[in-house]
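Q: Got a minute to go through this one with me? I'd like to start with the sheet and work outwards.
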Amino acid sequence: MVVLEEAVLMRRHSDLDVWAEQLQHLIDAVQAGRIRVRILPLASFVHGEIAHLSELVLPDGTRLYAIEESDATYRSGLHTESRLGTFLDRVIDAALPEAESYAYLQHAVNEALTAAPLRLP
Amino acid sequence: MSSVSLLDHRRDGLGDDFFTHATSARVYHYLLGGSENYEADRKAARAVWGAADWVKTAAAINRDFILQSVAFSLRLGVRQFLDLGCGYPTTVNVHEITQETHPTQPVVYVDRDPGVYAHGRSQLDERPGVTVLRADILAMDDLLTCEAMRTAVNLKEPVAVLMGDVLPWCPDDAAVHRAMAALRTWMPPGSTLSLSHLTDHWHRATMPTVSAAYAEHGLHIRPRSREEILDLFGDLAQQGPGLTATGRWHEAGPHALRPEDHSAAFAGIALKPASRSPQKAALAASRPRSEEPAVIQEPGPGESQHLIVAHHLPRAGAVPVPVRRTWGLPDLPTAQIVAGNYLRYLRESHGLQVSDVCRLIGVSHSEMTRIESGSRPLTQQQAHTLLAGPYQVSPAARDGFDQYLYEAPFMPQGVMVDAGVGWPDRLAALEHRAVAGRIYAERLIPGLCGPPATPRASTTSANPVSRRSRAPRPSARPQRWSCWRKLF
């Protein structure tokens with residue numbers, strides 16, 4: 001499950017071709033059943049101090065949490081599973097359903113393909 | 001969902017000196033890395049830490065013991081919890097564990113500190129089943145018979161009593177014994193008592209300095225011997241390994257491999273057996289511990305994979321409860337988990353077997369497996385031999401991993417920051433190893449989900465994607481996707 005904040009789709013890359021390519025890749029992955037994507041509306045008020053969090057379940061069942069910034073911070077253990085695992089639960093609960101999220105992605109890629117490139121004045 | 005103070009606010013409330021004198025609760029919270037403290041508390045904590053470098057580790061071990069004891073009692077079928085001397089709310093509190101499986105079961109927090117009570121009221125008592133009491137545990141009779149306690153706890157069912165290093169703050173031996181006797185009498189059959197207590201068993205040289213450092217800041221501690229601590233359990237039946245170093249009690253816990261002196265405390269979990277005749281009780285008390293029948297409880301479907309060995313499991317509560325699997329898993333040091341899985345990824349990506357590499361670094365097959373599973377550390381030299389040899393890692397990335405290993409011992413349990421060269425590759429290796437996962441991204445499309453031309457762009461560029469930032473990948477994209485097909 002990948003949860004993207006709505007802001008991710010709003011902050012387009014200046015090169016719209018690159019942006020459209022990336023969004024299309026995401027849509028292809030969803031269509032192929034490789035990933036599930038949910039969009040978290042900005043109005044959901046479920047936001048943390050973490051910009052990028054991955055929960056990785058390793059083969060032995062250990063849950064490892066990776067926070068990516070200019071480095072990687074790994075967390076694991078009882079405290080972390082409660083805090084960050086619960087945060088992810090809340091984020092997923094507040095996100096749009098998969099069908100709506102998929103439609104939003106398609107809308108975003110159409111916009112990227114048709115809109116004029118954004119340029120600084 | 002209530003909070004009651006049994007103490008006189010005028011006599012024991014927030015006096016003029018409350019913020020200018022150290023309190024045990026705030027010093028302890030500071031040692032755990034918390035923020036509920038003032039300059040006086042920080043001074044006291046630093047003085048104690050200066051006297052003995054084990055105090056911070058011991059505080060963390062003690063907290064972990066209590067939290068894991070909650071899961072242990074849940075497995076024994078106990079559903080009600082009484083946390084005596086609970087201290088300030090922390091990142092994980094008792095009710096947050098019990099509510100995973102039993103959302104409305106009662107949890108009663110008790111502390112005499114008015115600051116703890118205030119925080120408890122504001123943060124805890126709105127949760128279903130949670131009661132916050134301000135009371136002196138030495139006035140145990142008053143506490144256990146108060147209206148709030150009688151309302152919260154059903155004495156027809158067992159109760160898990162938690163006392164995490166609270167009694168060392170009570171120097172009056174006679175009062176402590178009176179309180180514990182009242183508590184043991186009150187506990188219904190099948191109840192558990194999880195207790196840890198500071199000791200000078202391993203620190204006879206430094207403990208007087210620690211006591212003096214506390215005393216200079218108006219705090220008084222009473223470390224007790226193993227025998228004195230054992231007496232606190234009375235005739236309750238010790239479970240698991242019996243009274244032992246706090247970090248060692250949970251054999252699969254995060255501190256099980258630490259030296260005993262790091263705990264600086266003894267801990268035990270004891271069970272109040274079902275009522276029996278005085279003759280049988282005397283017979284059981286005289287029986288050597290090693291002859292007691294051990295019950296091995298197999299985990300049920302979806303439960304922890306490690307076994308619980310318990311003595312005198314209560315008959316009524318012996319049925320395993322569906323505790324979330326993760327609570328029962330060992331908390332291994334995060335640094336070891338990351339390093340081990342990274343090495344395993346490298347070995348497998350080169351098509352090597354464990355037997356191909358273990359001899360190179362002078363370890364057995366099983367030791368190498370433990371290193372790769374994160375349950376055993378490895379030395380810098382061993383890592384260097386593998387990375388420069390069969391794993392063919394670049395010198396820059398080797399230096400990055402060197403830096404990682406250098407930092408690892410200085411990181412707190414449960415956290416590891418990897419900022420060395422090659423950290424994105426190490427993260428990618430872990431993503432490869434994962435069999436399931438969830439991602440939350442606030443600003444960028446995750447690098448893992450990007451098109452093949454822009455792998456992990458987010459880690460090397462300020463832009464969401466950039467064709468310039470093609471970080472070298474440890475493997476080809478199709479393999480990654482085949483992995484992540486399982487993941488989501």
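A: Sure. One term first: two strands pair if DSSP finds at least two bridges between them. Also keep in mind that this is a predicted model.

Q: Fine. What stands opposite Leu4(A) in β2(A)?
A: Ile39(A) does. The strands involved are β1 (residues 2–5) of chain A and β2(A), which run parallel and are joined by four bridges.

Q: And what's the strand order in the open sheet they belong to?
A: It goes β2(A)-β1(A)-β13(B)-β3(A)-β4(A)-β5(A)-β12(B), seven strands with mixed pairing. So strands from chain A and chain B sit in one sheet.

Q: Which strands are at the edges?
A: β2 (37–40) of chain A and β12 (415–418) of chain B, each of which pairs on one side only.

Q: How many degrees of twist from one strand to the next?
A: The average is 15 degrees.

Q: OK, zooming out. How many helices and strands does chain A have?
A: Four helices and five strands. Starting at the N terminus, they come in the order β-α-α-β-β-β-β-α-α.

Q: And chain B, how many of each?
A: Chain B has 21 helices and 13 strands.

Q: What percentage of each chain is buried?
A: In chain A, 42% of the 121 residues count as buried. For chain B, buried residues are 45% of 488.

Q: What about contacts between residues 24 or more positions apart?
A: Taking contacts with a separation of 6 or more, such pairs make up 65% in chain A. The corresponding share in chain B is 70%.

Q: Let's switch to a single residue. Where is Thr80(A) found?
A: In helix α3 of chain A, which spans residues 78–94.

Q: Buried or exposed?
A: Thr80(A) counts as buried, because it has 22 C-beta neighbours inside 10 Å and the cut-off is 20 or more.

Q: Which residues is Thr80(A) in contact with, leaving aside neighbours within four places in sequence?
A: Tyr65(A), Arg75(A) and, from the other chain, Gly414(B). Tyr65(A) is 15 residues away from Thr80(A) in sequence, with 7.8 Å between their C-alpha atoms.

Q: Now the largest nonpolar core. Which residues touch the most other members?
A: Leu82(B), Leu84(B), Val108(B), Val110(B), Ile137(B), Val161(B) and Leu162(B), out of 83 residues in that core. Helix α4 (residues 55–75) of chain B gives the largest share, 12 residues.

Q: Is there a second core, or what lies apart from that one?
A: Another core, with 65 residues, lies apart from it. Ala29(A), Ala112(A), Leu332(B) and Ala434(B) are among its members.

Q: Back to Val108(B): what does it touch?
A: Not counting residues up to four places away in sequence, Val108(B) touches Leu82(B), Asp83(B), Thr131(B), Leu133(B), Met149(B), Ala152(B) and Val153(B).

Q: Last topic, helix packing. At what angle do α15 and α17 of chain B cross?
A: At roughly 115 degrees, with the axes coming within 5 Å. That makes α15(B) roughly perpendicular to α17(B), because 65 to 115 degrees counts as roughly perpendicular.

Q: Which residues make the contact?
A: From α15(B), Gly340(B), Leu343(B) and Arg344(B); from α17(B), Ile371(B), Glu372(B) and Ser373(B). By class, two are nonpolar, two polar and two charged.

Methods. Residues are numbered from 1 along each chain as its sequence is written. Chains are lettered from A and ligands numbered from 1 in the order in which they are written. This is a predicted model: local features need pLDDT of at least 70, side-chain atom pairs count only at pLDDT 80 or more; totals for chains, interfaces and linings use all residues. Axes are lines fitted to C-alpha atoms, for helices over the stretch in contact, and angles run from 0 to 180 degrees between N-to-C directions. Helices (H or I, at least four residues) and strands (E, at least two) are DSSP runs, numbered from the N terminus. Angles under 35 degrees count as roughly parallel, over 145 as roughly antiparallel, 65 to 115 as roughly perpendicular and the rest as oblique. Two residues are in contact if their C-beta atoms, placed from the backbone, lie within 7 Å. Ala, Val, Leu, Ile, Met, Phe, Trp, Tyr, Cys and Pro count as nonpolar, Asp, Glu, Lys and Arg as charged, and the others, Gly among them, as polar. A residue is buried if 20 or more other C-beta atoms lie within 10 Å of its own, exposed if 12 or fewer, and partly exposed in between; C-beta atoms are placed from the backbone. A nonpolar core is a set of buried Ala, Val, Leu, Ile, Met, Phe, Trp, Tyr and Cys residues joined through C-beta atoms within 7 Å.
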